[in-house]
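This report concerns the surroundings of a ligand and the helices and core beside it. The structure is shown first.

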Amino acid sequence: MRFDFIHCHGSGNDFPLIDARALSLSNAEWAAVARALADRTGPVGGDGLLLLVPGRGETAFGQRMFNPDGSEAETCLNGLRCTARAGFEATGLDHALVGLPKSDALAARVPDIAPGVVTIETRVTSIDDSPAGVGLTVGDEPFVDATIPGLASDRRFTALAMPNPHLVTFVETIDEAELVALGDWCEAAPALIPGRANVSFVTAGSAGLYVRTYERGVGLTDSCGSAMAASTVAAARTGRIGWGEDVVVRNRGGMVRARTERGADGVEAVAIAGNATFTHEGIAEVDLATGTLVSAAVTAKRSDEIDAWASLIAAL
Ligand SMILES: N[C@@H](CCC[C@H](N)C(=O)O)C(=O)O
């Protein structure tokens with residue numbers, strides 16, 4: 001089967017994005033397409049596969065996201081900026097409620113964070129801090145800056161579902177080997193967290209937050225939007241930043257602007273504004289029976305967007 005795709009990234013977290021609104025493949029087939037396209041050793045590559053899908057209920061359109069290992073995630077917030085942009089271009093909207101597998105999120109086109117860098121803000125409220133909601137099989141009370149019994153780390157974590165599962169710890173300096181070891185441990189789907197988790201090591205300072213994430217189903221990535229959202233909420237919950245404060249969140253791939261909210265009713269929200277950069281368009285053929293990538297070619301390059309993003313990175 002042939003697929004037109006847009007290759008895009010949010011803060012360097014990159015994906016092939018397919019407009020799947022008129023396509024009906026099974027979950028197993030989409031998982032195979034994700035493994036074939038988001039293969040770093042192959043000609044397309046990416047941190048996962050994004051699908052623009054039809055909306056349901058009040059949502060204008062939806063997003064599905066498959067990790068490179070073929071697992072489907074509950075959300076992907078760097079991806080959502082790109083999918084929302086594609087949805088806006090397809091529908092003529094500039095803001096919308098976007099459907100995700102287990103939740104929805106608001107997305108809106110906002111002023112560019114830098115000249116020529118198309119910028120989208122997403123806002124999510126579906127934040128679950130219950131251990132069960134995060135997929136932990138230990139504890140009844142939320143883990144907020146607390147050790148998690150049975151975890152292969154003595155550090156203090158905040159556990160949040162966005163609604164994909166995140167374990168966030170604040171550190172003085174990021175030890176990548178330690179992060180990878182813990183990420184690998186979670187990837188083995190231990191009894192403590194059988195659904196696995198995204199693990200982030202975060203530094204907090206006067207310049208904002210810096211987040212490094214080992215993503216479930218991927219490994220270390222240049223950035224993870226839901227991890228930046230979870231880290232910002234964790235920073236507010238632990239008093240490292242104020243609720244409602246504008247915070248710059250940096251990562252290896254770039255940066256976003258983040259803001260938490262906590263209403264009088266206790267409902268928490270986090271908004272992330274960042275780039276939705278389309279780098280090139282392409283066409284790929286996947287043999288759905290074998291899950292093999294038959295061919296792939298770039299059909300158009302978005303040099304202006306690539307250059308605009310490069311200028312922002314150079315100025316960071
Ligand atoms: N990079 C994404 C998250 C992608 C899904 C994640 N690997 C998971 O399995 O939960 C983001 O920007 O949020």
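## Ligand shell, helices and core

Apart from its neighbours within four places in sequence, Met228 is in contact with Val211, Ser223, Val249, Asn251, Val256, Ala258 and Ile272; two residues are in contact if their C-beta atoms, placed from the backbone, lie within 7 Å. The model is predicted, and local features need pLDDT of at least 70, side-chain atom pairs count only at pLDDT 80 or more, and totals for chains, interfaces and linings use all residues. Residues are numbered from 1 along each chain as its sequence is written.

Met228 belongs to the largest nonpolar core, which has 88 residues; Met228 is listed with Leu17, Leu49, Leu160, Ala229 and Ala258 as having the most contacts inside this core. Helix H5 provides the largest share of this core, 8 residues. Domain 1 (2-125 + 276-315) and domain 2 (131-268) both contribute residues, so the core lies between them. A nonpolar core is a set of buried Ala, Val, Leu, Ile, Met, Phe, Trp, Tyr and Cys residues joined through C-beta atoms within 7 Å. A residue is buried if 20 or more other C-beta atoms, placed from the backbone, lie within 10 Å of its own. Domain bounds come from an automatic or database domain assignment.

Around the ligand there are 19 residues, of which Ala73, Asn78, Asn164, Gly225 and Ser226 come nearest; a residue is near a molecule if its C-beta atom, placed from the backbone, lies within 6 Å of it. By class, this shell has 6 nonpolar, 10 polar and 3 charged residues, where Asp, Glu, Lys and Arg count as charged, Ala, Val, Leu, Ile, Met, Phe, Trp, Tyr, Cys and Pro as nonpolar, and the others, Gly among them, as polar. Each of the two domains gives at least three residues to the shell.

Helices H2 (77-91) and H5 (225-237) each supply at least two shell residues, and the largest share, 3 residues, comes from H2. Helices are DSSP runs (H or I, at least four residues), numbered from the N terminus. The expected span is 1.5 Å times one less than the number of residues.

| Helix | Length | End-to-end C-alpha span | Expected span |
|---|---|---|---|
| H2 | 15 residues | 20 Å | 21 Å |
| H5 | 13 residues | 18 Å | 18 Å |

H2 is mostly covered, with 12 of its 15 residues buried, including Asn78, Arg81 and Arg85. In H5, 13 of the 13 residues are buried, so this helix is largely enclosed by the rest of the structure. Just after H2, Gly92 takes a positive phi of about 85°, and Gly239, just after H5, takes a positive phi of about 75°.
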